[in-house]
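Here's a quick briefing to read alongside the model. Keep the viewer open and follow along.

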Amino acid sequence: MNQPSTAAIVERVDAEHRYQILVDGRRAGLTAYRDRGAQRVFFHTEIDDTFAGQGLAAQLIQQALADVRQSGKRIVPVCPYVATFLKRHDEFADITDPVAPDVLRWLKGELG
């Protein structure tokens with residue numbers, strides 16, 4: 001039986017510090033992070049225009065944050081999309097840390 005053509009798969013790509021969402025094997029979007037000790041700092045999310053409006057960003061973030069929980073890390077939502085998602089989904093509140101100035105300084109150093 002064939003899967004519907006809109007089957008989306010989320011995968012973590014550690015080597016590239018991101019989670020990506022694939023639709024029919026094509027990368028439709030990503031959310032980028034850096035790990036800072038026990039914190040996973042999300043700083044950028046994007047969905048390709050071709051795939052906009054399909055709810056893929058929410059699906060991507062939901063699965064990425066569930067993976068963070070499973071790996072025992074904490075979430076730091078520097079990315080505005082991730083921050084907005086967290087306001088609407090309080091099931092991750094217990095593992096979310098505030099975006100503090102020291103985190104932003106650290107992230108700037110990481111990203112050059």
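What follows covers confidence, the sheet, its turns, the helices and a group of aromatic rings.

You're looking at a predicted model, and the protein averages a pLDDT of 94. At its heart for this briefing is an open sheet of five strands in the order S1-S2-S3-S4-S5, with mixed pairing. Helices H1 and H3 lie across strands of that sheet, and three of its aromatic residues, Tyr19, Tyr33 and Phe42, are linked by ring pairs into a cluster.

**How far to trust it**

- A pLDDT of at least 70 is reached by 95% of the residues.
- The weak spot to know about is residues 1–5, where pLDDT stays under 50. The model has two contacts beyond four places in sequence for that stretch.
- Where pLDDT is low, the predicted coordinates shouldn't be read in detail.

**The sheet, strand by strand**

- S1 and S5 (74–77) stand at the edges with a single partner strand each, so one side of each has no neighbour in the sheet.
- On average, neighbouring strands of this sheet are turned by 30° against each other, direction ignored.
- S1 (residues 8–13) pairs with S2 (residues 18–23) in the antiparallel sense, over six bridges. Within that pairing, look for Ile9 opposite Leu22 in S2.
- S2 also runs antiparallel to S3 (residues 26–36), and six bridges join them. Here Ile21 stands opposite Gly29 in S3, while Gln20 has Leu30 of S3 as its bridge partner.
- S3 and S4 are antiparallel too, joined by eight bridges. Asp35 has its bridge partner in S4, namely Arg40.

**The hairpin turns**

- Between S1 and S2 the hairpin has four residues, and His17 takes a positive phi near 50°.
- Between S2 and S3 there are two residues, and in this hairpin Asp24 takes a positive phi near 55°.
- The hairpin of S3 and S4 also has two residues between the strands, and there Gly37 takes a positive phi near 60°.

**Helices across the sheet**

- Helix H1 (residues 56–70) lies across S1, S2, S3, S4 (39–47) and S5. Check its direction against S4: H1 runs at about 165° to that strand.
- Helix H3 (residues 101–111) lies across S3, S4 and S5, and runs at about 115° to S3.

**Aromatic rings and a charge**

- How many aromatic pairs are there? The count comes to three.
- One of them is Tyr19 with Tyr33, a tilted pair at 5.4 Å centre to centre, with 50° between the planes.
- Why is that pair worth a look? Tyr19 lies in S2 and Tyr33 in S3, so the pair ties together parts that are 14 residues apart in sequence.
- Are these two tyrosines, Tyr19 and Tyr33, buried or exposed? Both Tyr19 and Tyr33 are buried.
- Ring pairs link Tyr19 and Tyr33 with Phe42 into a cluster.
- Arg40, the bridge partner of Asp35, turns up again here: Arg40 lies over the face of Tyr33, at 4.3 Å from the ring centre.

Technical notes:
Residues are numbered from 1 along each chain as its sequence is written. This is a predicted model: local features need pLDDT of at least 70, side-chain atom pairs count only at pLDDT 80 or more; totals for chains, interfaces and linings use all residues. Side-chain values use heavy atoms; hydrogens and water are left out. Two strands pair if DSSP finds at least two bridges between them. pLDDT is the predictor's confidence in each residue, from 0 to 100. Contact means heavy atoms within 4.5 Å. Axes are lines fitted to C-alpha atoms, for helices over the stretch in contact, and angles run from 0 to 180 degrees between N-to-C directions. Rings of Phe, Tyr and Trp (its six-membered ring) pair if their centres lie within 6.5 Å; planes under 30 degrees apart count as stacked, over 60 as edge-to-face and the rest as tilted. Buried means under 20% relative accessible area, exposed over 50%, partly exposed in between (1.4 Å probe, protein chains only). A charge sits over a ring if NZ of Lys or CZ of Arg is within 6 Å of the ring centre and within 35 degrees of the ring normal.
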